[in-house]
Amino acid sequence: MNALSLTPAERRQIDQGAWFARLSEPLRHDILQRAYVRRLADETMLSHRGDPALEWCGVAKGAVRVSSVSLAGKQISLTYVEPGTWFGDIALFDGLPRTHDACAHGETTLLCVRKADFRALLQVHPELYDALLRLNCRRLRLMFDMIEDLNTRPLAARLAKQVLLLARSYGVAEGDEIRIGLQLAQEDLAQLLGASRQRVNQELKAFEREGAVRVEPTRLVVLSREKLLAAAAR
(Lines give C-alpha, C1' and ligand atoms only; values in the text may rest on other atoms or scores of the structure.)
Protein backbone atom coordinates (compact mmCIF):
# COMPACT_ATOMS: atom_id res chain seq x y z
CA MET A 1 0.00 0.00 0.00
CA ASN A 2 1.22 3.51 -0.80
CA ALA A 3 1.17 5.24 2.58
CA LEU A 4 0.30 8.49 0.79
CA SER A 5 -3.02 6.95 -0.20
CA LEU A 6 -4.32 7.70 3.29
CA THR A 7 -4.41 11.19 4.72
CA PRO A 8 -2.48 11.67 7.99
CA ALA A 9 -5.79 11.74 9.90
CA GLU A 10 -6.96 8.51 8.26
CA ARG A 11 -3.64 6.79 8.96
CA ARG A 12 -3.89 7.82 12.63
CA GLN A 13 -7.35 6.25 12.86
CA ILE A 14 -5.94 2.95 11.61
CA ASP A 15 -2.74 3.06 13.69
CA GLN A 16 -4.56 4.02 16.88
CA GLY A 17 -7.36 1.46 16.57
CA ALA A 18 -7.39 -0.49 19.83
CA TRP A 19 -7.10 -3.91 18.15
CA PHE A 20 -4.63 -2.98 15.41
CA ALA A 21 -2.32 -1.09 17.79
CA ARG A 22 -1.75 -4.25 19.85
CA LEU A 23 -0.42 -6.25 16.90
CA SER A 24 3.32 -6.72 16.43
CA GLU A 25 5.07 -4.20 14.20
CA PRO A 26 5.92 -6.79 11.50
CA LEU A 27 2.27 -7.87 11.28
CA ARG A 28 1.00 -4.29 11.13
CA HIS A 29 3.53 -3.54 8.39
CA ASP A 30 2.51 -6.56 6.31
CA ILE A 31 -1.21 -5.80 6.65
CA LEU A 32 -0.63 -2.26 5.40
CA GLN A 33 1.58 -3.51 2.57
CA ARG A 34 -1.17 -5.85 1.32
CA ALA A 35 -4.04 -3.40 1.80
CA TYR A 36 -5.53 -1.06 -0.77
CA VAL A 37 -7.64 2.06 -0.23
CA ARG A 38 -11.32 2.38 -1.12
CA ARG A 39 -13.08 5.72 -0.88
CA LEU A 40 -16.86 5.50 -0.81
CA ALA A 41 -19.50 8.20 -1.12
CA ASP A 42 -22.37 8.28 1.37
CA GLU A 43 -24.79 5.33 0.97
CA THR A 44 -22.46 3.41 -1.38
CA MET A 45 -23.12 -0.31 -0.96
CA LEU A 46 -20.11 -2.30 0.13
CA SER A 47 -21.78 -5.71 0.09
CA HIS A 48 -25.22 -7.31 0.17
CA ARG A 49 -26.51 -10.16 2.27
CA GLY A 50 -25.68 -13.40 0.45
CA ASP A 51 -22.66 -11.98 -1.39
CA PRO A 52 -19.45 -14.04 -1.31
CA ALA A 53 -16.82 -12.76 1.11
CA LEU A 54 -13.99 -11.21 -0.92
CA GLU A 55 -12.14 -8.89 1.45
CA TRP A 56 -11.30 -7.88 5.01
CA CYS A 57 -11.63 -4.18 5.81
CA GLY A 58 -10.57 -1.55 8.30
CA VAL A 59 -12.38 1.77 8.61
CA ALA A 60 -10.07 4.78 8.28
CA LYS A 61 -12.75 7.47 8.01
CA GLY A 62 -16.53 7.68 8.28
CA ALA A 63 -18.52 4.57 9.19
CA VAL A 64 -20.02 1.43 7.72
CA ARG A 65 -23.69 0.80 8.45
CA VAL A 66 -24.52 -2.87 8.89
CA SER A 67 -28.19 -3.56 8.31
CA SER A 68 -30.84 -6.14 7.56
CA VAL A 69 -34.28 -6.13 5.96
CA SER A 70 -37.36 -6.82 8.07
CA LEU A 71 -40.20 -9.11 6.98
CA ALA A 72 -42.08 -5.94 5.99
CA GLY A 73 -39.23 -4.97 3.67
CA LYS A 74 -37.87 -2.18 5.88
CA GLN A 75 -34.12 -1.61 6.19
CA ILE A 76 -33.07 -1.96 9.83
CA SER A 77 -29.72 -0.63 11.08
CA LEU A 78 -27.97 -3.08 13.40
CA THR A 79 -24.65 -1.36 14.08
CA TYR A 80 -22.16 1.17 12.74
CA VAL A 81 -18.54 0.12 12.26
CA GLU A 82 -16.41 2.97 13.54
CA PRO A 83 -12.97 4.28 12.50
CA GLY A 84 -10.10 2.08 13.63
CA THR A 85 -12.27 -1.07 13.54
CA TRP A 86 -11.66 -4.06 11.26
CA PHE A 87 -14.49 -6.26 10.02
CA GLY A 88 -15.39 -8.95 7.49
CA ASP A 89 -13.08 -11.67 8.78
CA ILE A 90 -15.78 -14.11 9.96
CA ALA A 91 -17.03 -14.92 6.47
CA LEU A 92 -13.45 -15.27 5.25
CA PHE A 93 -12.87 -17.92 7.94
CA ASP A 94 -16.02 -20.02 7.47
CA GLY A 95 -16.41 -19.50 3.73
CA LEU A 96 -20.10 -18.67 4.02
CA PRO A 97 -21.80 -15.66 2.35
CA ARG A 98 -22.16 -12.27 3.99
CA THR A 99 -24.97 -12.29 6.56
CA HIS A 100 -25.98 -8.61 6.33
CA ASP A 101 -25.93 -5.58 4.06
CA ALA A 102 -23.10 -3.09 4.50
CA CYS A 103 -22.93 0.44 3.13
CA ALA A 104 -21.00 3.66 3.69
CA HIS A 105 -22.50 6.07 6.22
CA GLY A 106 -21.13 9.45 5.23
CA GLU A 107 -17.96 9.78 3.16
CA THR A 108 -16.00 6.69 4.12
CA THR A 109 -12.44 5.48 3.60
CA LEU A 110 -11.59 1.80 3.96
CA LEU A 111 -8.39 -0.20 3.96
CA CYS A 112 -9.18 -3.50 2.24
CA VAL A 113 -7.27 -6.78 2.14
CA ARG A 114 -8.28 -9.28 -0.54
CA LYS A 115 -9.21 -12.82 0.49
CA ALA A 116 -6.03 -14.36 -0.95
CA ASP A 117 -3.86 -11.80 0.85
CA PHE A 118 -5.78 -12.34 4.08
CA ARG A 119 -5.04 -16.06 3.91
CA ALA A 120 -1.40 -15.34 3.10
CA LEU A 121 -1.16 -13.13 6.20
CA LEU A 122 -2.52 -15.97 8.32
CA GLN A 123 0.12 -18.31 6.91
CA VAL A 124 3.01 -15.92 7.50
CA HIS A 125 1.79 -14.54 10.84
CA PRO A 126 0.16 -17.16 13.13
CA GLU A 127 -0.19 -14.25 15.58
CA LEU A 128 -3.09 -13.04 13.44
CA TYR A 129 -5.14 -16.16 14.31
CA ASP A 130 -4.87 -15.41 18.04
CA ALA A 131 -5.53 -11.70 17.53
CA LEU A 132 -8.68 -12.36 15.51
CA LEU A 133 -9.83 -14.98 18.01
CA ARG A 134 -9.57 -12.39 20.80
CA LEU A 135 -11.37 -9.84 18.60
CA ASN A 136 -14.25 -12.22 17.95
CA CYS A 137 -14.46 -13.15 21.62
CA ARG A 138 -14.86 -9.45 22.38
CA ARG A 139 -17.57 -9.15 19.72
CA LEU A 140 -19.39 -12.11 21.26
CA ARG A 141 -19.22 -10.59 24.75
CA LEU A 142 -20.56 -7.29 23.43
CA MET A 143 -23.39 -9.12 21.68
CA PHE A 144 -24.37 -10.91 24.90
CA ASP A 145 -24.22 -7.58 26.76
CA MET A 146 -26.56 -6.04 24.19
CA ILE A 147 -29.01 -8.93 24.47
CA GLU A 148 -28.94 -8.69 28.26
CA ASP A 149 -29.50 -4.92 28.15
CA LEU A 150 -32.39 -5.32 25.71
CA ASN A 151 -34.13 -7.77 28.01
CA THR A 152 -33.33 -6.33 31.44
CA ARG A 153 -32.72 -2.57 31.24
CA PRO A 154 -35.15 0.30 30.59
CA LEU A 155 -34.88 2.25 27.36
CA ALA A 156 -33.49 5.36 29.09
CA ALA A 157 -30.51 3.39 30.43
CA ARG A 158 -29.87 1.75 27.07
CA LEU A 159 -30.12 5.07 25.25
CA ALA A 160 -27.72 6.78 27.67
CA LYS A 161 -25.25 3.93 27.21
CA GLN A 162 -25.54 4.17 23.41
CA VAL A 163 -24.99 7.94 23.41
CA LEU A 164 -21.88 7.47 25.57
CA LEU A 165 -20.54 4.87 23.14
CA LEU A 166 -21.15 7.21 20.20
CA ALA A 167 -19.42 10.05 22.05
CA ARG A 168 -16.40 7.83 22.71
CA SER A 169 -16.16 6.70 19.07
CA TYR A 170 -17.18 9.87 17.22
CA GLY A 171 -17.03 12.64 19.80
CA VAL A 172 -15.29 15.95 19.08
CA ALA A 173 -14.58 18.04 22.17
CA GLU A 174 -15.78 21.63 21.97
CA GLY A 175 -14.93 23.18 25.32
CA ASP A 176 -17.00 21.34 27.94
CA GLU A 177 -19.25 19.83 25.27
CA ILE A 178 -18.76 16.76 23.10
CA ARG A 179 -20.31 16.90 19.64
CA ILE A 180 -21.02 13.48 18.14
CA GLY A 181 -19.70 13.61 14.59
CA LEU A 182 -21.70 10.67 13.27
CA GLN A 183 -24.95 11.86 11.67
CA LEU A 184 -27.79 9.78 13.07
CA ALA A 185 -31.49 10.47 12.79
CA GLN A 186 -33.65 9.49 15.76
CA GLU A 187 -35.01 6.64 13.65
CA ASP A 188 -31.43 5.31 13.33
CA LEU A 189 -30.98 5.46 17.10
CA ALA A 190 -34.31 3.74 17.61
CA GLN A 191 -33.29 0.87 15.32
CA LEU A 192 -30.03 0.39 17.22
CA LEU A 193 -31.99 0.15 20.47
CA GLY A 194 -34.90 -1.95 19.25
CA ALA A 195 -37.39 0.79 20.14
CA SER A 196 -39.77 3.16 18.38
CA ARG A 197 -38.65 6.59 17.21
CA GLN A 198 -41.35 8.19 19.36
CA ARG A 199 -40.05 6.59 22.56
CA VAL A 200 -36.45 7.51 21.76
CA ASN A 201 -37.57 11.08 21.10
CA GLN A 202 -39.29 11.19 24.50
CA GLU A 203 -36.18 9.94 26.30
CA LEU A 204 -33.90 12.37 24.45
CA LYS A 205 -36.18 15.26 25.44
CA ALA A 206 -35.95 14.08 29.05
CA PHE A 207 -32.13 14.01 28.81
CA GLU A 208 -32.26 17.51 27.31
CA ARG A 209 -34.40 18.80 30.20
CA GLU A 210 -31.89 17.30 32.65
CA GLY A 211 -29.02 19.08 30.89
CA ALA A 212 -27.35 15.85 29.76
CA VAL A 213 -27.55 16.42 25.99
CA ARG A 214 -28.60 18.93 23.37
CA VAL A 215 -30.55 17.58 20.42
CA GLU A 216 -29.73 19.10 17.04
CA PRO A 217 -30.94 18.01 13.58
CA THR A 218 -29.10 14.69 12.89
CA ARG A 219 -26.62 15.52 15.65
CA LEU A 220 -26.34 14.99 19.39
CA VAL A 221 -24.18 17.08 21.70
CA VAL A 222 -23.20 15.66 25.09
CA LEU A 223 -23.39 18.37 27.76
CA SER A 224 -22.81 16.19 30.83
CA ARG A 225 -21.12 12.82 30.63
CA GLU A 226 -21.74 12.36 34.35
CA LYS A 227 -25.52 12.71 33.95
CA LEU A 228 -25.51 10.18 31.12
CA LEU A 229 -23.45 7.76 33.22
CA ALA A 230 -26.00 8.13 36.01
CA ALA A 231 -28.86 7.47 33.58
CA ALA A 232 -27.06 4.42 32.15
CA ALA A 233 -26.70 2.97 35.65
CA ARG A 234 -30.41 3.24 36.54
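**View 1. Alanine 35 is a buried residue in a loop.** In this predicted model, alanine 35 has a relative accessible area of 5%, under the 20% cut-off, so it counts as buried. Look for alanine 35 in the loop between helix H3 (25-34) and strand S1 (36-40). Leucine 111 is 76 residues away along the chain, yet the C-alpha atoms of alanine 35 and leucine 111 are separated by 5.8 Å.

**View 2. Threonine 109 sits buried in strand S6.** Strand S6 covers residues 101-114, and threonine 109 is part of it. How accessible is threonine 109? Its relative accessibility is 2%, which puts threonine 109 in the buried class. Leaving aside residues up to four places away in sequence, you will find threonine 109 touching Leu6, Glu10, Val37, Arg38, Arg39, Gly58, Val59, Ala60 and Lys61.

**View 3. Lysine 61 and glutamate 107 form a salt bridge between two strands.** Their side chains meet at 3.8 Å, N to O. Which parts of the chain does this pair link? Lysine 61 belongs to strand S3 (residues 55-69) and glutamate 107 to strand S6, and the two residues are 46 residues apart. Lysine 61 is partly exposed, with a relative accessible area of 36%. Glutamate 107, on the other hand, reaches 58% relative accessibility, over the 50% cut-off, and therefore counts as exposed. If you are keeping a tally of such pairs, the count for the model comes to 14 salt bridges.

**View 4. Helices H5 and H6 cross roughly at right angles.** Helix H5 spans residues 115-124, and its axis comes within 6 Å of the axis of H6, with a crossing angle of roughly 110°. This angle falls in the 65 to 115 degree range, so the two helices count as roughly perpendicular. To trace the contact yourself, start on H5 with Phe118, Leu121 and Leu122, then move over to Leu128, Tyr129 and Leu132 of H6.

**View 5. A nonpolar patch appears on the surface.** Four residues make this patch: Leu140, Met143, Phe144 and Ile147. The patch has an area of about 380 Å². Leucine 140 is placed in helix H6, which runs over residues 127-152. Is leucine 140 buried or partly exposed? With a relative accessible area of 42%, leucine 140 is partly exposed.

**View 6. Aspartate 149 and lysine 161 join helices H6 and H7.** The closest N and O atoms of this salt bridge are 2.7 Å apart. Aspartate 149 comes from helix H6 and lysine 161 from helix H7 (residues 155-170), so the pair links parts of the chain 12 residues apart. Aspartate 149 counts as buried, at 11% relative accessibility. Its partner, lysine 161, counts as partly exposed, at 30%.

**View 7. Glutamate 174 and arginine 179 take part in a salt-bridge network.** The side chains of glutamate 174 and arginine 179 meet at 3.3 Å, N to O. Glutamate 174 has a relative accessibility of 37% and counts as partly exposed. Which residues belong to the network? Through salt bridges that share partners, Glu174, Glu177, Arg179, Arg214 and Glu216 are joined into one network.

**View 8. Helices H8 and H9 pack roughly perpendicular to each other.** Helix H8 (residues 186-193) packs on helix H9 (residues 197-209) at an angle of about 105°, and their axes are 8 Å apart. The angle lies between 65 and 115 degrees, which means that H8 is roughly perpendicular to H9. From H8, the contact is made by Gln186, Glu187, Leu189, Ala190 and Leu193. From H9, the contributors are Arg197, Val200, Asn201 and Leu204.

**View 9. Serine 196 and lysine 205 are two residues to find around H9.** Serine 196 lies in the loop between H8 and H9. At 30% relative accessibility, serine 196 counts as partly exposed. The C-alpha atoms of serine 196 and glutamine 186 are separated by 9.2 Å, with their positions 10 residues apart along the chain. Lysine 205 lies in helix H9 itself, and at 45% relative accessibility it counts as partly exposed. Alanine 157 is 48 residues from lysine 205 along the chain, and their C-alpha atoms are separated by 14 Å.

Terms used
Residues are numbered from 1 along each chain as its sequence is written. This is a predicted model: local features need pLDDT of at least 70, side-chain atom pairs count only at pLDDT 80 or more; totals for chains, interfaces and linings use all residues. Side-chain values use heavy atoms; hydrogens and water are left out. Patches are made of residues with over 30% relative accessible area and no salt bridge: like charges are joined within 9 Å, nonpolar side chains (Val, Leu, Ile, Met, Phe, Trp, Tyr) within 5 Å. Accessible areas come from the Shrake-Rupley method with a 1.4 Å probe; for residues, only the protein chains shown count as cover. Helices (H or I, at least four residues) and strands (E, at least two) are DSSP runs, numbered from the N terminus. Buried means under 20% relative accessible area, exposed over 50%, partly exposed in between (1.4 Å probe, protein chains only). Axes are lines fitted to C-alpha atoms, for helices over the stretch in contact, and angles run from 0 to 180 degrees between N-to-C directions. Angles under 35 degrees count as roughly parallel, over 145 as roughly antiparallel, 65 to 115 as roughly perpendicular and the rest as oblique. Contact means heavy atoms within 4.5 Å.
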